[in-house]
Amino acid sequence: MISSLLDYAASYHGKREIITRTVEGPIHRYTYADARARAAQAANTLVKLEVSPGDRIATLAWNTHRHFELFYAVSGLGAVLHTINPRLFEEQIRYIVNHAEDRVIFLDLNFVELAEKLVDRFPTVEHYVILTDRSHMPETSLPNALCYEDLIADESTTFKWPEFDENTASSLCYTSGTTGNPKGVLYSHRSTVIHALGAAQKGALDLGCADTILPIAPMYHANAWAMPYIAPMVGAKLVLPGPKMDAPSILELINSEQVTFACAVPTVWTMVLEHLQATGGRIDSLKRTTIGGSAVPQSMMDIFREEYGVTVLHLWGMTETSPMGTVATQTPDVAALPQKEKHNQLAKQGRVQYGINIKIIDKSGALAPRDGETSGDLWIKGPWAARCYYKREDVAPLDADGWFPTGDVATWDAYGYMKITDRTKDVIKSGGEWISSIELENAAAGHPQVRQAAVIGIYHPKWEERPLMLIVPTKAAAPTKQEILDFLSAKFAKWQLPEDVLFLDELPLTATGKIMKTALREMYKDFSFSGDSGPS
Ligand code: AMP
């Protein structure tokens, strides 16, 4: 049961703290013992609201202590916590609330306006609970808006967490879905607890009670990468950044709370590192960060290691894999390699841990050899990988042997390290050869004047598709197209180089902070190349 994680923390690490930058502003501090008491009060409140096991209870909330309490109160009593990504389009939010048939929405103050806009289109929602105290309750047109602190105040601080089948659903997270409606990934108590055990183990994220963990990844993106479960499971201090995701606020928390471990997508770290370098700031307490969600450029890993003494653990995963699929930690063989080779190895997406299995199927339908070169479709199987999508019998993802198709293209090597070369739909097919958009993007990101880079395939009359590179330069100065091509020529064959390079002020991002290639393809759908440098 998920409730056992918080019970353990409250009983054996009862004084360890959870720190929150609240939506109201001030820093809030309390302990795991306090969190268990308040999760019990929240669970008693849910019972009063007539929430039953199996009901879907939604949140529109940042990473805060109140959201953490709901992770335990809702799942603990057997209901399903549906964490809504507030950055989805309004139409997608309408769709998922109705698809999940949410009965209650718990929401932060800064999402009240969003909910007010959509309220008429949420017929299943009976209660709106605003995650604040009486003095901050806003004027709102939400029907029967309730105040969280008022609701839980008089409830008992004990709750007998029920025990039930471990396969019972515990939480629900919809993937952002670049085409079609978002799909709901349903986690169970079993998958959640086993994933937390797997992710915390030494060969993976290696987390323990000496750590202070800062999940910058939001609780609505694959449950903040399981940190709200792992931190209590190991008795780590937990630091929750609330709504302030700007670089100075994140850095202030890292330093004031002496954070040792953080997790975030690369776009967040690009912003934070830029700020650090511009201000000469330090992050001396931070020892390790796991980065995933999209590929981590090697240049980012180098800066972290060489300038700040931070080890990056490159993680590949999906909402569908809870999210940890692979993580690039060192094996003794890799540790013994010369520095450069070792760093190349650790820039890959990593190795599987006990519990998970992957396979790569090449173009011919055969198992790809572990040569680090042959790419193919990546499949995954294990106790924390999804089996199906919530109420979507029309999409049956698993093959006959229970493998889940990730939609990613990858290679694997003799050391057991997997490397993502592309999303299946992002691979650029140029004259029968494949060009990896990720490899071009990562290489370009290593240029000192490049802030972000994206590569998409554009129709070409002769070669079918050719790569178009889009670059956001750093604030300092913009490189020229020729400088970029010269820089890339050291690593790529001529036919793999971008056919053209364009410069933009910003790139469109998805609701989880990734570069939105679908939007780029739409923006450049009428673009045509003048040159001709495909494979010869
Ligand atoms: P999501 O479920 O929204 O987090 O998206 C999962 C997808 O993000 C994966 O299928 C990959 O395409 C991509 N992804 C996640 N981690 C990485 C990584 N480390 N490198 C490259 N792509 C990644």
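Which residues line the largest cavity? In this predicted model, the lining of the largest cavity is formed by Tyr-187, Thr-192, His-195, Asn-223, Ala-226, Tyr-229 and Ser-322. The volume of this cavity is about 40 Å³. Classified by residue type, its lining contains three nonpolar and four polar residues, with no charged residues. The cavity count, taken at 30 Å³ or more, comes to three.

The second largest pocket has a volume of about 1200 Å³. Its lining comprises 41 residues, of which Lys-419, Thr-421, Ser-436, Glu-439 and Phe-492 are the closest to the pocket centre. Several secondary-structure elements supply two or more residues each to this lining: the helices are helix 12 (298-308), helix 14 (339-346) and helix 15 (437-445), and the strands are strand 18 (404-412), strand 19 (418-423) and strand 21 (433-435). By class, the lining of the second largest pocket is made up of 13 nonpolar, 15 polar and 13 charged residues. Charged residues are thus represented in the lining of this pocket, whereas the lining of the largest cavity has none.

The ligand is surrounded by 14 residues, among which Leu-315, Thr-319, Asp-408, Arg-423 and Lys-514 come nearest. Strand 14 (residues 311-317) provides the largest share of this shell, namely four residues. The composition of the shell by class is four nonpolar, seven polar and three charged residues.

Polar atoms of the ligand are paired with both backbone and side-chain atoms of the protein. A polar backbone atom of Gly-293 lies 3.0 Å from a nitrogen atom of the ligand. In the side chain of Gln-349, an N or O atom is placed 2.8 Å from a nitrogen atom of the ligand. For Asp-408, which is also one of the residues that come nearest to the ligand, the distance from an N or O atom of the side chain to an oxygen atom of the ligand is 2.6 Å. The ligand taken alone exposes 500 Å², and 91% of that area is buried by the protein.

At the level of the whole chain, the domain assignment gives domain 1, covering residues 3-202, and domain 2, covering residues 427-523. The centres of domain 1 and domain 2, taken over C-alpha atoms, are separated by 40 Å.

Methods
Residues numbered from 1 in each chain as written. Predicted model: local features only at pLDDT ≥ 70, side-chain atom pairs only at ≥ 80, totals over all residues. Heavy atoms only, no water. Near = heavy atom within 4 Å. Polar contact = N/O pair within 3.5 Å; in protein donor to acceptor, adjacent residues only side chain to side chain. Areas by Shrake-Rupley, 256 points an atom, 1.4 Å probe, with all protein chains shown as cover. Nonpolar A, V, L, I, M, F, W, Y, C, P; charged D, E, K, R; others polar. Domains from an automatic or database assignment. 1 Å grid on protein atoms, 1.4 Å probe; cavity = no way out; pocket = protein on both sides within 12 Å on 5 of 7 lines; lining within 4 Å. Points joined across faces, edges and corners; volume = space filled by probe spheres on them.
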